[in-house]
Amino acid sequence: MDEKAFRAAMTRIFGENGMTRYLNYEKTEKYARLTERMLSENEKYNLTAITDPAEVALLHYADCLTVAAHLPKKAKVIDVGTGAGFPALPLAISREDLSVLAVDATEKRVRYVEETARMLGLTNLTAQVLRAESGAKDPALRESFDVACARGVAPLRVLCEYCLPYVRVGGIFIAMKGQGAPSEVAQAKRAIAMLGGKLREICPAPLSDGGKKVEHTLVIIDKIARTNALYPRENAQIVKKPL
Ligand code: SAH
């Protein structure tokens, strides 16, 4: 990887998208090391389809940081279905006040995220092999997070059952979605209400790098009531009979 070109792309993209507060010399260094590692380990772990460093900066790092502005100071955050560590790793790098738990059902990706966090000295990120629907039954995890977030894991009505049980009453669930967000929200209306949620807003989160434009959307759901112990159900039911 051309590190100089990568640093220049980070500065340009974060500047253009109003994100310079998430970058300084030390953080840029961490992002460079993360990118080197992700791209060199990609074959082994099947981490990302995005391999151009400037695209990684835009579509992974800046994209994940659209969530950061919505997170209260020192929030306890769970990233459900973190994959290669998104949004968990950028959140932990750029917001040192947060404490982030990254979970995924795939052991090798979790080991990769864990090892990466150690290599980058991120003491505010831990990773755990966990199926979303099983973890939420664990009293140590259930309704114990200020924020649950997820990107690219499941349609919203399924994702609500994976994520809302982790959020404490008064906390929020942020789903990172594309342009289809309004129709996903319409389909998830019942699930949101049944799980103790209330839609706060569908928040456009556009990104650009020069002529390249990306229309992403954050769906922000408030947790207003406790989730009934019936949920989450077994995964087969969640997926086949979404609420
Ligand atoms: N959030 C990452 C990865 C998306 S790919 C990103 O945006 O790049 C979806 C990931 O969700 C996969 O790694 C898959 O293992 C995980 N996943 C899907 N269903 C899950 C479940 N029920 N519990 C835990 N992880 C799940």
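Helices, of at least four residues, and strands, of at least two, are DSSP runs numbered from the N terminus. With that convention, Thr-227 falls in the loop between strand 7 (212-223) and helix 9 (235-240). The exercises below concern a predicted model.

**Exercise 1. The chain as a whole**

Determine how many helices and strands the protein chain has, and establish how its radius of gyration relates to the globule rule.

*Solution.*
1. The secondary structure amounts to 9 helices and 7 strands.
2. For 243 residues the globule rule gives 18 Å, and the radius of gyration of the protein chain is 17 Å, close to that value; the chain is therefore as compact as a globular protein of that length.
3. The C-alpha trace spans about 50 × 35 × 30 Å along its principal axes.
4. Of the 243 residues, 55% count as buried.

**Exercise 2. Two loop residues**

Classify Thr-227 as buried or exposed, do likewise for Arg-95, and place each residue within its surroundings.

*Solution.*
1. The cut-off for a buried residue is a relative accessible area under 20%.
2. Thr-227 has 8% relative accessibility and so counts as buried.
3. A polar atom of the Thr-227 side chain lies 2.7 Å from the backbone oxygen of Leu-195.
4. Arg-95 is located in the loop between helix 4 and strand 2 (99-104).
5. Because its relative accessibility is 12%, Arg-95 counts as buried.
6. Leu-71 is 24 residues from Arg-95 along the chain, and the C-alpha atoms of the two residues are separated by 9.4 Å.

**Exercise 3. Aromatic pairs around Tyr-61**

Characterise the geometry of the Phe-6 and Tyr-61 pair and of the Tyr-61 and Phe-86 pair, and state which parts of the chain each pair connects.

*Solution.*
1. A pair of aromatic rings is described by the distance of the centres and the angle of the planes.
2. The structure contains 6 aromatic pairs. In one of them, Phe-6 and Tyr-61 stand 6.4 Å centre to centre with 90 degrees between the planes, an edge-to-face arrangement.
3. This pair links distant parts of the chain, 55 residues apart: Phe-6 belongs to helix 1 (residues 3-16) and Tyr-61 to helix 3 (residues 53-65).
4. Phe-6 and Tyr-61 are both buried.
5. For Tyr-61 and Phe-86, the ring centres are 6.2 Å apart and the planes meet at 45 degrees, so this pair is tilted.
6. Phe-86 lies in the loop between strand 1 (76-80) and helix 4 (88-94), whereas Tyr-61 is in helix 3, so the pair ties together parts 25 residues apart in sequence.
7. Tyr-61 has a relative accessible area of 0%, and Phe-86, at 4%, is also buried.
8. Ring pairs join Phe-6, Phe-14, Tyr-31, Tyr-61 and Phe-86 into a cluster.

**Exercise 4. A charge over a ring**

Identify the ring over which the charged end of Lys-76 sits.

*Solution.*
1. The ring is that of Phe-145, and the charged end of Lys-76 is 4.9 Å from its centre.

**Exercise 5. The ligand site**

List the residues closest to the ligand, describe polar contacts that it makes, and state what share of its accessible area the protein covers.

*Solution.*
1. Of the 16 residues that surround the ligand, the closest are Gly-81, Phe-86, Asp-104, Ala-132 and Arg-151.
2. A polar backbone atom of Ala-132 is 2.8 Å from a nitrogen atom of the ligand.
3. Polar side-chain atoms lie at 2.9 Å from a ligand oxygen atom for Arg-109 and at 2.6 Å from a ligand oxygen atom for Arg-151.
4. On its own the ligand has 580 Å² of accessible area, of which the protein covers 79%.

Key. Residues numbered from 1 in each chain as written. Predicted model: local features only at pLDDT ≥ 70, side-chain atom pairs only at ≥ 80, totals over all residues. Heavy atoms only, no water. Phe/Tyr/Trp six-rings, centres within 6.5 Å; stacked < 30°, edge-to-face > 60°. Buried < 20%, exposed > 50% of the residue type's maximum accessible area, 1.4 Å probe, protein only. Lys NZ or Arg CZ within 6 Å of the ring centre and 35° of its normal. Near = heavy atom within 4 Å. Polar contact = N/O pair within 3.5 Å; in protein donor to acceptor, adjacent residues only side chain to side chain. Areas by Shrake-Rupley, 256 points an atom, 1.4 Å probe, with all protein chains shown as cover. Rg over C-alpha atoms; globule rule 2.2 N^0.38 Å.
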